[in-house]
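Got a protein model open and no idea where to look? Let's walk through it together, one feature at a time.

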Amino acid sequence: MKRDWQETVTAAADVALVGIAVTIASVPLLTAGAALRTGSSAIHAIAVGEKVDLRAMWRLFRASLLRGALATTAAAAAALLLVFNVGAVAAGRVPGGSPALAGTGVAAAVLLAIGMLSLVRLGRDTSPSGWREALRWAGRTAWRQPSAAAAVAGVSAVAAVLGVFVPLTAPLLVGYALYAAHAVTNRLVRFAETAGDAFE
């Protein structure tokens, strides 16, 4: 569906508001998973031209708190492990040098792609469960369609870098990163290849 300029501006503002809301809801940290899933669902509604149902979003957020906290803990542990590995290699405490750093970078990009693809799936599947299946689907998609996964990781990394260099824009960029992940996934992922794995 093609938007006129007024609809485009409205959608852009809505995406920014989603980013701000997700950021605020993520402040307690353990709520970040639920906030990101709910934000992804809101972004999906915006992307397809539907109105965001705030009551439904609140219900989804509450239903996602426990599984979201587990997902947040796992993601944080993986990120800390990667940071520790980079620090150890850079300081020369473990062998490997540049190849080890390059391997860590590739691992980080793969994990970022799988994480963002999982959020896209969770944004389209509003059932309380589905976290494990979303992760499996994201892993299969990254394996079968690496170029699409690389594109998702790329747009997400750009948003993250911009957020680091211009911290005031970080809350807005959360929304735009989710929107970009949805847009790239919808455009590049060949759902017909994963007939049983798509958003059904």
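What follows is a chat between a learner and a teacher about reading this model.

Q: Before anything else, what kind of model is this, and how are its residues numbered?
A: It's a predicted model, where local features need pLDDT of at least 70, side-chain atom pairs count only at pLDDT 80 or more, and totals for chains, interfaces and linings use all residues. Residues are numbered from 1 along each chain as its sequence is written, and side-chain values use heavy atoms, with hydrogens and water left out.

Q: What does the chain average in pLDDT?
A: pLDDT is the predictor's confidence in each residue, from 0 to 100. Here the chain averages 87, and 87% of the residues score at least 70. Among the elements, α2 has the highest mean, 95, and α4 the lowest, 87.

Q: Where does pLDDT stay under 50?
A: Where pLDDT is low, the predicted coordinates should not be read in detail. In this chain that applies to residues 192–200, where pLDDT stays under 50. The model has 19 contacts beyond four places in sequence for that stretch, a contact being heavy atoms within 4.5 Å.

Q: How many helices and strands are there in the chain?
A: Helices (H or I, at least four residues) and strands (E, at least two) are DSSP runs, numbered from the N terminus. This chain has eight helices and zero strands, so from the N terminus on you read α-α-α-α-α-α-α-α.

Q: What share of contacts joins residues at least 24 apart?
A: Take the contacts between residues at least 6 apart in sequence: 74% of them join residues at least 24 apart. For one pair, look at L172 in helix α8. L172 and V15 are 157 residues apart in sequence, yet their C-alpha atoms are 7.7 Å apart in space. Leaving out residues up to four places away in sequence, L172 touches A16 and I20.

Q: Is L172 buried, partly exposed or exposed?
A: Buried means under 20% relative accessible area, exposed over 50%, and partly exposed in between (1.4 Å probe, protein chains only). L172 has 31% relative accessibility, so it counts as partly exposed. Across the 200 residues of the chain, 34% count as buried.

Q: How does A134 score, buried or exposed?
A: A134 sits in helix α6 (residues 131–144) and counts as buried because its relative accessibility is 0%. Its contacts, not counting residues up to four places away in sequence, are S118, R121 and L122. A134 and L119 are 15 residues apart in sequence and 7.7 Å apart in space, C-alpha to C-alpha.

Q: What does the side chain of T104 make a polar contact with?
A: A polar contact is a pair of N or O atoms within 3.5 Å; within protein, one must be able to donate a hydrogen and the other to accept it, and residues adjacent in sequence count only if both atoms are side-chain atoms. The side chain of T104 makes one with the side chain of N85, at 2.5 Å. T104 lies in helix α5 (residues 97–124), and at 7% relative accessibility it counts as buried. Beyond four places in sequence, T104 touches L82, N85 and V86.

Q: Which residue has a positive phi although it is not a glycine?
A: That's L29, with a phi of about 70°. You'll find L29 in the loop between α1 and α2, and it counts as exposed because its relative accessibility is 61%.

Q: How much space lies in the largest pocket?
A: On a 1 Å grid over the protein atoms alone, a pocket is an open set of points where a 1.4 Å probe fits, with protein on both sides within 12 Å along at least five of seven lines; lining residues have an atom within 4 Å of a point. Grid points are joined across faces, edges and corners, and a volume is the space filled by probe spheres set on the points. The largest pocket holds about 1,500 Å³. Of its 40 lining residues, the closest to the centre are L36, A75, G115, M116 and L119.

Q: Which helix gives the most to that lining?
A: α4 does, with eleven residues.
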